[in-house]
Amino acid sequence: MRWRRRALAAAGALVLGTSLVTAAAASAADDPREGLGGGLFDAEIAASGVELLESLPTPEGFSINSDLAFTGDKAVMGSYSGFQVYDISDPAAPALETAFLCPGGQGDVSIHGDLLFMSVEQTSGRIDCGAQGAGGAVNPDRFRGVRIFDISDISNPVQLPGVQTCRGSHTHTIVTDPDDTENVYIYNSGTSSVRSPLELAGCSNAALTTAPVTEGNPTQWRIDVIKVPLAAPETAAIVSQPRIFTDAGTGAFNGLQNTLPGSAQHPSGTTYSPTPNTNTCHDVTAFPEIGLLAGACQGNGILVDISDPVNPVRIDAVADTNFSYWHSATFSNDGSKVIFTDEWGGGSSARCRVTDQPEWGANALFEIVDGKMEFKSYYKLPAVQTSAENCVAHNGSIVPVPGRDIMVQAWYQGGVSIFDFTDTSNPVEIAYLDRGPINPAGLVLGGYWSTYWYNGNVIGSEIARGFDSLALTASDMLSANEIAAAGEVQLDEFNAQTQAMLVNAPSFAVAGSYVDQAERAGDLSGKALTQVRKHLAEAAALEADGSSDRAVVAQLDNAIKKSGASSDSDVVQALSALKATFS
């Protein structure tokens, strides 16, 4: 039985004054993502609820695109070769503006104001951004850590002194303090080898072990907290190295999962790869507004109190035998839920085959209750991929549709999957886009590293192909109103690993979204639905024509009355909030 065959049938676009049309689901054997023709730039594409607007090839001299960050109408895409800046003021026609060569590894980027931060991990990374490498066990020209750039003129980035770290920087996360506007903090996660103390003082390599480690100052089993004074970012420095994995009872630094390479088998019957050994974090996501951080830390998912950014405190940890490598985390918009991803296979393996179960290489969904994480379900891309496609859960972000928890997520060569996790126990895919394999004859690295929602569109970093701009399209699972309402949330800056609550201001699209949701749920139908849509559409037309507020309010009052819903229903609440903007 092919457990992951599913298809979504698209419906026509929805506008005010029309009803949702529920399309009949295609048969389970007709998922158009399966059997797509391959190719680097000419692969077949299957999509539902998502449209590929434009795809720009990776510029010459760059390879292996990685994570994305955003500022204004610019998208910055990191890579193993440096970073690229794209103008996305017209999402249908993005344009490459700057390609800055500066190799050194994964190259994840984030932005705060006029500063750009970049992760550097490989031993070949150089202080001067040179491409000639840095040979030898000890090299004074080597850079491994977090680079800092002044991008006040984003067309001409200027590198400032960065911060060297003992294991380099695989990923990093900006953490702000609501009580401190003069500094930002960078939580650094290094996953590579430990440097010699002759190259960077204070580095101390320790063997991974299942025995308690309580002595010395080993580089493992900690993260780096870097303080960046905004008035003098060139003076940024490590201010603490908290041991957030310590066992409170024994004092062991290695207080969480300590699976050793080759010592245990994954439920698939193969050796765990990567190995779930919690000696650092792979990626952490901060939500400063609620004082929490979710850490995906190789062998565990952890929840951390960051009310004091310099001294974070772990408050909960979870483990799962199905998870090979806790990779990244995303909070729900209100911070009451958290999704962890498992990068089983390290991102370079085919892990979405028909033989790979839905709880392997998937997302694990938790609700946060009294500071503890309660497991609810798994979510995995529901379409079988071939053995020629690296595919596993990877980076994504929240789509700010009012009243729903929706995430857009990259699955490498599995494409992009958008799913609703409002019911945490029953996540459901609502849209997707997938290409055929880059090379049908054999597995090569490619696919989406990241797909993020930003100011009305989805932007994708395609490892091998380049930079993608995508748009959502209306369907029976996501209405035109809901897409428009999400697009009304406009940000000046966005880093996926630094979350904030995205607020939908009262609008006709927001009110229409709740009407659509009530229809979809069966809570509003028949004559009541028709009347609500009619009066809401008339109110919108009056507002567009410049009619008096009084006339608009009268139509909204009629919509509220005809709904027959209680005063605390989502529909009445949204209509009342919209009405208040005209009073």
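Analyst: Buried means under 20% relative accessible area. Keep that cut-off at hand as we go through this predicted model.

User: Why is Cys 129 called buried?

Analyst: Cys 129 has a relative accessibility of 11%. The limit is under 20%. The value falls below the limit, so Cys 129 counts as buried.

User: How do you know that Cys 129 is joined to Cys 102?

Analyst: Look at the sulfur atoms. They lie 1.9 Å apart, S to S. A disulfide needs two cysteine sulfurs within 2.5 Å, so this pair qualifies.

User: Why is the disulfide of Cys 102 and Cys 129 called left-handed?

Analyst: Its S-S torsion is about -65°, so the disulfide is left-handed. The bond also links distant parts of the chain, with the two positions 27 residues apart. Cys 102 sits in the loop between E6 and E7, and Cys 129 in the loop between E8 and E9.

User: What about Cys 102: buried or exposed?

Analyst: Cys 102 has a relative accessible area of 1%. That is under 20%, so Cys 102 is buried.

User: What makes Cys 166 and Cys 203 a disulfide?

Analyst: Their sulfur atoms are 2.2 Å apart. The cut-off is 2.5 Å, so the pair passes. The torsion about this S-S bond is about -95°, so the disulfide is left-handed. Here the two cysteines are 37 residues apart. Cys 166 lies in the loop between E10 and E11, while Cys 203 lies in the loop between E12 and E13. Both Cys 166 and Cys 203 are buried.

User: How do you know that Cys 352 is bonded to Cys 391?

Analyst: The S to S distance is 2.1 Å. That is within 2.5 Å, so it is a disulfide. The torsion is about -75°, so this disulfide is left-handed. Cys 352 is in the loop between E20 and E21, Cys 391 is in the loop between E22 and E23, and 39 residues separate them. At 1% and 0% relative accessibility, Cys 352 and Cys 391 are both buried.

User: How many disulfides are there, and what pattern do they follow?

Analyst: The count comes to 4. Number the bonded cysteines along the chain and the pattern reads 1-2, 3-4, 5-6, 7-8.

User: Which residues does Ser 349 touch?

Analyst: Set aside neighbours within four places in sequence. Then Ser 349 is in contact with Glu 389, Asn 390, Cys 391 and Leu 443. Ser 349 itself lies in the loop between E20 and E21.

User: Why is Ser 349 called buried?

Analyst: Its relative accessibility is 18%. The limit is under 20%, so Ser 349 counts as buried.

User: Why is Asp 370 called exposed?

Analyst: Exposed means over 50%. Asp 370 has a relative accessible area of 78%, so Asp 370 is exposed. Asp 370 is found in the loop between E21 and E22.

User: What makes the phi of Asp 370 worth noting?

Analyst: Most residues other than glycine have a negative phi. Asp 370 has a phi near 50°, which is positive, and it is not a glycine. Asn 455 also has a positive phi, about 50°, without being a glycine. Asn 455 sits in the loop between E27 and E28. At 18% relative accessibility, Asn 455 counts as buried.

User: What kind of peptide bond runs from Ser 273 to Pro 274?

Analyst: Most peptide bonds are trans. The bond from Ser 273 to Pro 274 is cis, with omega near -10°. Pro 274 lies in the loop between E14 and E15.

User: Which residues lie nearest the centre of the largest pocket?

Analyst: Phe 494, Asn 495, Thr 498, Gln 499 and Ala 500. They belong to a lining of 31 residues. The pocket has a volume of about 530 Å³. Its lining divides into 12 nonpolar, 15 polar and 4 charged residues. Several strands each supply at least two of them, including E7, E11 and E30.

User: And how much space lies in the second largest pocket?

Analyst: About 420 Å³. It is lined by 19 residues, and among those closest to its centre are Gln 517 and Asp 570. Helix H2 gives the largest share of the lining, 5 residues.

User: How confident is the predictor in the protein chain?

Analyst: The average pLDDT is 94, and 95% of the residues score at least 70. Over residues 1-28, though, the pLDDT is below 50.

Conventions. Residues numbered from 1 in each chain as written. Predicted model: local features only at pLDDT ≥ 70, side-chain atom pairs only at ≥ 80, totals over all residues. Heavy atoms only, no water. pLDDT = per-residue confidence, 0-100. Contact = heavy atoms within 4.5 Å. 1 Å grid on protein atoms, 1.4 Å probe; cavity = no way out; pocket = protein on both sides within 12 Å on 5 of 7 lines; lining within 4 Å. Points joined across faces, edges and corners; volume = space filled by probe spheres on them. Helix = DSSP H or I, 4+ residues; strand = E, 2+ residues; numbered from the N terminus. Nonpolar A, V, L, I, M, F, W, Y, C, P; charged D, E, K, R; others polar. Buried < 20%, exposed > 50% of the residue type's maximum accessible area, 1.4 Å probe, protein only.
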